[in-house]
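Welcome, and thanks for taking a look at this one with us. Please open the structure below and keep it in view as you read.

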Amino acid sequence: AKIDDSVKKKVPELRFPGFADDWEQRKLGSLTTVVRGASPRPIQDPKWFDKESDIGWLRIADVTEQNGRIYHLEQHISKLGQEKTRVLTEPHLLLSIAATVGKPVVNYVKTGVHDGFLIFLNPTFEREFMFQWLEMFRPKWQKYGQPGSQVNLNSELVRNQEIVLPNYKEQQKIGSFFKQLDDTIALHQRKLDLLKEQKKGYLQKMFPKNGAKV
C-alpha cells in the first residue's frame with residue numbers, strides 16, 4: 001500500500017544516544033500560530049518613537065548586526081507606536097520576510113515587531129531546535145520565487161511548509177547542542193575581531209605616517 005505523505009516518518013543519520021523514535025512530518029502551521037508583525041505609518045514620523053520607552057523597535061539592521069539573536073535594540077517605540085504594532089514582552093522566534101528573506105530570529109528583549117517579520121506564537125516546538133532548522137532551511141524558501149528574483153514569503157507559505165521533527169525532549173537536546181556551537185563560534189569571532197583591531201593599531205603606530213621620500 002502507498003504510504004500517505006502526511007504520516008511518513010523519517011530518522012536522521014546521526015543521533016544522540018537514548019533516542020530511537022521516528023521523526024514525524026508536520027506542517028509548521030500545526031505547531032504554532034504564525035502572525036505577521038505590523039508597522040506604524042509613515043515609519044519616519046518621530047511620534048512613533050521614544051528613547052525613554054522600555055519597548056524596543058526591531059529592524060532588519062539589528063538582525064544583520066546581531067546575526068539573528070537580538071539582545072539589545074537602539075530604537076524604542078512610543079506608547080502611540082505600540083498601538084500600531086505587535087509588542088512582544090518575552091523571548092520569541094521570528095522569521096524575516098523582507099530584505100534578509102527567510103532569516104530566523106530569536107528575540108530576547110521587549111520589542112514592537114514590524115511587518116517585515118512573521119512571529120511564531122504559542123509554539124509546541126522547542127525554540128532553539130526550530131531556529132536551527134529554519135537557518136538550515138533558509139536557502140530552500142527560494143523555491144517559492146521566480147528565478148533571479150527575491151522570494152516573497154508570506155504567512156500562508158510558512159504555515160504550509162512541512163518539517164520532519166522528533167519529540168520535544170530530542171528537540172531540546174539538538175537545540176542545545178547547536179546553541180553551544182553558535183556560542184563558541186561567536187566567542188572566537190569576537191577574539192578574531194579584536195586581533196584584527198590590534199593589528200590595525202600596530203600598523204598605524206609602527207610605520208611612519210608618510211612614506212619616506214624617494
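Here is a short briefing on a few spots to visit, grouped by topic. Please bear in mind that this is a predicted model. The stops are Ser96 in strand E7, helix H3 with residues 127-137, and helix H5 with residues 168-206.

**Ser96 and its surroundings**

- Start with strand E7, which runs over residues 92-96 and contains Ser96.
- Ser96 has a relative accessible area of 0%, so it counts as buried, the cut-off being under 20%.
- The Ser96 side chain reaches two backbone oxygens: that of Ala98 at 3.0 Å, and that of Thr100, also at 3.0 Å.
- Leaving out residues up to four places away in sequence, Ser96 touches Ile60, Val101, Gly102, Lys103, Gly116, Phe117 and Leu153.

**Helix H3**

- Helix H3 is largely enclosed by the rest of the structure, because eight of its eleven residues are buried.
- The buried residues in H3 include the run Glu128, Phe129, Met130, Phe131, Gln132, Trp133 and Leu134, and Phe137 is buried as well.
- At the N-terminal end of H3, Glu126 acts as a cap, with a side-chain oxygen 3.3 Å from the backbone nitrogen of Glu128.

**Helix H5: a buried residue and a partly exposed one**

- Ile174 lies in helix H5, and with a relative accessible area of 14% it is buried.
- Beyond residues up to four places away in sequence, Ile174 touches Phe16, Trp23, Phe129 and Pro166; of these, Phe129 is one of the buried residues of H3.
- For a sense of scale, Ile174 and Arg86 are 88 residues apart in sequence, and their C-alpha atoms are 30 Å apart in space.
- Phe178 is also found in helix H5, but its relative accessibility of 34% makes it partly exposed, since that class lies between 20% and 50%.
- An α-helix has 3.6 residues a turn, so residues three or four places apart point the same way.
- Phe178 joins Phe177, Leu181 and Ile185 in a nonpolar surface patch of about 360 Å².

**What the record adds**

- An unreviewed UniProt entry annotates residues 178-205 as "coiled-coil region".
- In the model, residues 178-205 are 100% helix and 0% strand, and the C-alpha atoms at the two ends are 41 Å apart.

Technical notes. Residues numbered from 1 in each chain as written. Predicted model: local features only at pLDDT ≥ 70, side-chain atom pairs only at ≥ 80, totals over all residues. Heavy atoms only, no water. Helix = DSSP H or I, 4+ residues; strand = E, 2+ residues; numbered from the N terminus. Buried < 20%, exposed > 50% of the residue type's maximum accessible area, 1.4 Å probe, protein only. Polar contact = N/O pair within 3.5 Å; in protein donor to acceptor, adjacent residues only side chain to side chain. Contact = heavy atoms within 4.5 Å. Patch = residues over 30% accessible without salt bridge, like charges linked within 9 Å, V, L, I, M, F, W, Y side chains within 5 Å. Areas by Shrake-Rupley, 256 points an atom, 1.4 Å probe, with all protein chains shown as cover. Salt bridge = Lys/Arg side-chain N within 4 Å of Asp/Glu carboxyl O. UniProt positions renumbered as here; feature names shortened; annotations may be inferred.
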